[in-house]
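Q: I am new to this structure and would like a close look at one part of it. Please take the pockets, and show me how the parts around them are arranged.

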Amino acid sequence: NLLDGINTKGKTILDVGCGRGGGVKTYSEVLEFDEIHACDYNEKFIDFCKNTHNDIKFKVCSATELTSAYNQNTFDIITNVESSHCYFAKPTEKDLKLEYPDSSKFLIHHVFGLNRFFDGVSSILKSEGTFCYTDAFSEEQLLELEYSTFNKNFTHIAKSDITENVILACEELLMNSSSPNGMIKKYMHDVA
């Protein structure tokens, strides 16, 4: 769903926060990329990926330090799936110059981590590139996203709520498990 309608033929992609590489493996099997790159902060995940997935360029890299690992204007497409809620950082001078509302309602260090991530993506993404991003956020985390540099770094933003599709996929996986029917749907609606 994340890459629906995106022209991938002959493009170079980076998946930030690739984990054990399942997403980029799928990219390599069903989409036509020229080059696939992926990074994760966890060295063990990257070791696993390098030993498991061929023709994908893996690198150990923090999502909040992308500009130290990749050159500017490098990627046509950057993806990030369900990991940005874990990005925290100490403030920089740039962070402290921004105005924030009463931060007792959210974690300000998460905003700083998101800023580092979005600034990095904006720098290493080609000017005509596409950033495809999805995560599960609580109401407080949505405030953190709102007060981050996301809207300053990206234009032509298209938003889509895929909660129902996620619920269906999770329930399909649990059909043969001992979990009560509808458990995932209830939990997802409580969060959404």
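A: What follows walks through the pockets, then the sheet and the helix beside it.

The model is predicted. Start with the largest pocket. About 1500 Å³ of space lies in it. Its lining counts 40 residues. Closest to the centre are Tyr133, Thr134, Ala158, Lys159 and Ser160.

Which elements supply at least two residues each to this lining? One is a strand, S5, covering 125-134. The others are helices: H5 (139-146), H6 (150-153), H7 (163-174) and H8 (183-191). S5 gives the most, with nine residues. By residue class, the lining of the largest pocket divides into 21 nonpolar, 12 polar and seven charged.

Now the second largest pocket. About 540 Å³ of space lies here. Its lining has 21 residues. Nearest the centre of this pocket are Asn1, Leu2, Gly23, Tyr27 and Val81. Two elements give two or more residues to the lining: helix H1 (22-30) and H7. H7 also supplies at least two residues of the lining of the largest pocket. In the second largest pocket, H1 gives the most, with six residues. The lining of the second largest pocket divides into 10 nonpolar, eight polar and three charged residues.

Next, the sheet. S5, the strand that gives the most to the lining of the largest pocket, belongs to an open sheet of five strands. Read across, the order is S3-S2-S1-S4-S5. The pairing is parallel. S5 is an edge strand, and so is S3 (57-60). Each of these two pairs on one side only. On average, neighbouring strands of the sheet are turned by 20° against each other, with direction ignored.

Look inside the sheet at one pair. Strand S1 spans residues 11-16, and strand S4 spans residues 75-81. S1 and S4 pair in the parallel sense over four bridges. Leucine 14 stands opposite isoleucine 78, which is in S4.

Return to H1, the helix that gives the most to the lining of the second largest pocket. How does H1 lie against the strands? H1 lies across S1, S2 (33-40), S3 and S4. H1 runs at about 175° to S2.

H1 also holds a salt bridge. The side chains of glutamate 29 and lysine 25 meet in it, at 3.0 Å from N to O. Both residues lie in H1, four residues apart. That spacing is about one turn of the helix. A search of the whole structure finds five salt bridges, and this is one of them.

To recap, S5 gives nine residues to the lining of the largest pocket, and H1 gives six to that of the second largest.

How values were computed
Residues numbered from 1 in each chain as written. Predicted model: local features only at pLDDT ≥ 70, side-chain atom pairs only at ≥ 80, totals over all residues. Heavy atoms only, no water. 1 Å grid on protein atoms, 1.4 Å probe; cavity = no way out; pocket = protein on both sides within 12 Å on 5 of 7 lines; lining within 4 Å. Points joined across faces, edges and corners; volume = space filled by probe spheres on them. Nonpolar A, V, L, I, M, F, W, Y, C, P; charged D, E, K, R; others polar. Pairing = 2+ DSSP bridges. Axes fitted to C-alpha atoms, helices over the stretch in contact; angles between N-to-C directions. Contact = heavy atoms within 4.5 Å. Salt bridge = Lys/Arg side-chain N within 4 Å of Asp/Glu carboxyl O.
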